[in-house]
Amino acid sequence: MLRFENVHVYYGQVHALKGITGEVHEGELVAILGANGAGKSTTLMSVSGILKTRTGKIIYEDKDLTQASPYNIVQLGVIQCPEGRHIFGGLTVLENLLMGSVRRRDRSEVKKDIDWVCSLFPVLGERAGQTGATLSGGEQQMLAIGRSLMSRPRLLMLDEPSLGLAPVIVQTIFDVIRKLHEQGVTILLVEQNARKALQVADRCYLMETGSVVLSGTVEELRGNPEIERFYLGG
Amino acid sequence: MTSVEFFIQQAINAISIGSLYALMAIGLAMVFGILRLINFAHGDLIMVGSYATLMLLGAGLPFWLAAFGGVVTSTIAGLIMERIAYRPIRGAPDVAMLLTSFAVTILLENAAILIFNPTAKPFPAPAILRDALQFGNLRVASLDIVAIVVAFALLVSLTLFVTRTEVGISMRAASEDLLAARLVGINVNAVIAYAFAIGSMLAGVVGILWSIRVGRIDPFMGFYPVLKAFVASVIGGLGSLPGAVLGGYVLGILEIMLQGLLPASLSPFRDGFVFAALIILLLFRPNGILGSTEREKI
């Protein structure tokens with residue numbers, strides 16, 4: 001469904017992605033693990049078209065995303081829920097969710113999806129009229145994920161959804177990620193919480209300083225010393 | 001005239017001039033909110049709209065039709081400005097965009113000098129807008145009433161637009177967080193074009209009301225209104241739409257109040273006092289009355 005072919009990305013002079021190659025199949029949940037600065041978020045930003053690829057290709061269903069605008073990439077159903085949540089603080093919860101569905105034209109279905117998102121995260125329904133800025137960190141993360149779901153993603157990219165959240169909220173969020181995966185949504189998950197990520201993922205890539213250093217199914221990687229090191233270190 | 005009547009008269013005056021500042025400030029705020037660009041060329045859209053109105057009047061159109069044409073012209077001028085001056089440098093440092101706005105200002109003003117020559121031209125208005133209504137001792141210029149009513153109608157429509165329509169909510173979203181707006185699939189180019197179009201349309205309306213008020217137009221007529229609008233949006237909180245409106249009215253009220261209260265010997269220095277008040281306000285609220293205090297996102 002999504003394929004990276006020797007992707008190189010630069011921030012000015014900094015060589016942030018040094019030729020990564022990999023793929024995500026339809027219906028899979030693929031995790032990208034790695035420490036800060038490994039290039040995980042850069043990878044997602046390149047897929048979304050926010051960062052431009054210097055060389056290499058990012059192919060999504062036979063289309064090269066490296067030439068597409070962020071707007072067109074969203075139209076294809078490739079949705080990123082960015083690190084740091086980036087909810088619209090001055091907009092209400094409901095308006096935030098509506099902005100998630102901005103690419104869609106099926107108005108009657110949008111209403112159903114709001115109900116669906118509120119069933120996944122009941123707190124969003126309770127806070128529908130409040131502005132995003134008044135929500136707690138965990139609620140904001142739920143809103144950010146809910147907003148991404150409102151676009152009915154075909155490929156959902158989640159960047160550090162558990163970052164800085166209390167364990168009970170992390171559990172809620174991973175329960176939803178598992179549920180989405182079971183419903184057939186293809187997910188690319190960037191996480192520092194390797195233990196949690198490996199519980200839900202089918203396959204995983206381990207990144208270090210802009211390169212993929214290890215990849216395989218979760219079964220293959222279980223017990224791998226590099227992953228173990230990352231577990232303990234991370 | 002009793003003091004109550006004097007107060008009412010001054011209040012109407014203040015709200016009328018405040019309405020013009022508010023409408024101008026909205027245009028600045030809409031663009032600043034999304035692009036972090038203080039578009040000083042916004043003032044020249046007033047000039048463009050007014051000259052267009054004058055030309056259409058000269059061609060024999062009735063006033064209301066000519067005014068409508070003037071507003072359409074300034075709207076189109078704003079859209080062209082965005083497309084050829086600002087879009088190519090989007091993402092450049094803020095100061096580059098600011099300099100570009102000065103360049104656009106100078107370009108438009110010089111174009112106006114070439115086409116219309118620099119001397120002021122009288123701006124004719126229908127008699128009804130030059131009249132005053134008499135309520136007892138109270139004399140209210142009909143232009144003030146028109147300005148207040150027009151501003152009120154525009155502000156209500158604008159509020160409905162930014163809270164009830166998808167484009168309007170997208171506009172607020174883009175000004176909250178441009179990255180998030182792009183990631184959810186908001187068509188940022190379209191939203192920015194809308195912001196310019198609406199702001200320029202409002203500038204066109206202000207231009208006509210302003211020109212009637214002053215009675216003449218010249219190529220540099222946009223400077224004073226855009227400066228006032230800038231001050232208004234700083235008072236209210238740069239980039240905030242409610243802030244722009246509030247700032248516009250606060251500035252209008254402040255000016256008229258000082259004009260009424262200052263002794264005659266000091267009244268030529270009214271603007272000095274206004275800016276002193278602005279400095280004091282900013283010492284206590286650096287982000288304006290409604291401006292956010294830039295919360296750290298954790």
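In this predicted model, the buried residues of helix H4 (residues 107-120) of chain A pack against four helices of chain A: H3 (93-100), H5 (122-126), H6 (137-149) and H7 (167-182). One of these partners, H6(A), is itself mostly covered, with twelve of its 13 residues buried. Enclosed space also features in the model, with two cavities of 30 Å³ or more.

**Helix H4 of chain A**

- The buried positions in H4(A) are Val110(A), Asp113(A), Ile114(A), Val117(A), Cys118(A) and Leu120(A).
- Viewed along the helix axis, these buried residues fall within an arc of 150°, so they line one face of H4(A).
- An α-helix has 3.6 residues a turn, so residues three or four places apart point the same way.
- Ser108(A), Lys111(A), Lys112(A) and Ser119(A) are exposed on the face of H4(A) turned away from the buried side.
- The 14 residues of H4(A) should span 20 Å at 1.5 Å a residue, and the end C-alpha atoms are 20 Å apart, which agrees.

**Helix H6 of chain A**

- Among the buried residues of H6(A) are Glu139(A), Gln140(A), Gln141(A) and Arg147(A), along with Met142(A), Leu143(A) and Ile145(A).
- For its 13 residues, a span of 18 Å is expected at 1.5 Å a residue; the end C-alpha atoms of H6(A) are 18 Å apart, in agreement.

**Cavities**

- The largest cavity holds about 80 Å³ of space, and its lining includes Phe4(A), Ile32(A), Leu188(A) and Val212(A).
- Strands S2 (14-24) and S9 (203-208) of chain A each supply at least two residues of that lining, the largest share, four residues, coming from S2(A).
- Eight nonpolar, three polar and no charged residues make up the lining of the largest cavity.
- The second largest cavity has a volume of about 40 Å³ and is lined by residues including Ser48(A), Pro70(A), Gln80(A), Arg182(B) and Leu183(B).
- H2 and strand S6 (78-81) of chain A, together with H8 of chain B, each give two or more residues to the lining of the second largest cavity.
- Six nonpolar, two polar and one charged residue form the lining of the second largest cavity.

**Second largest pocket**

- This pocket has a volume of about 260 Å³; Ser69(A), Tyr71(A), Arg90(B), Arg182(B) and Asn187(B) are among its lining residues.
- Helix H2 (70-75) of chain A and helices H8 (178-184) and H9 (188-214) of chain B give two or more residues to the lining of the second largest pocket.
- The lining of the second largest pocket divides into five nonpolar, four polar and two charged residues.

**Ser74 of chain B**

- Ser74(B) lies in helix H3 (residues 63-86) of chain B and is buried, with a relative accessible area of 0%.
- Beyond residues up to four places away in sequence, Ser74(B) touches Leu45(B), Val48(B), Gly49(B), Ser200(B) and Gly204(B).

Notes. Residues are numbered from 1 along each chain as its sequence is written. Chains are lettered from A and ligands numbered from 1 in the order in which they are written. This is a predicted model: local features need pLDDT of at least 70, side-chain atom pairs count only at pLDDT 80 or more; totals for chains, interfaces and linings use all residues. Side-chain values use heavy atoms; hydrogens and water are left out. The expected span of a helix is 1.5 Å times one less than its number of residues. Buried means under 20% relative accessible area, exposed over 50%, partly exposed in between (1.4 Å probe, protein chains only). The arc is that of the directions from the helix axis to the C-beta atoms. Contact means heavy atoms within 4.5 Å. On a 1 Å grid over the protein atoms alone, a cavity is a set of points where a 1.4 Å probe fits but cannot get out, and a pocket is an open set with protein on both sides within 12 Å along at least five of seven lines; lining residues have an atom within 4 Å of a point. Grid points are joined across faces, edges and corners, and a volume is the space filled by probe spheres set on the points. Ala, Val, Leu, Ile, Met, Phe, Trp, Tyr, Cys and Pro count as nonpolar, Asp, Glu, Lys and Arg as charged, and the others, Gly among them, as polar.
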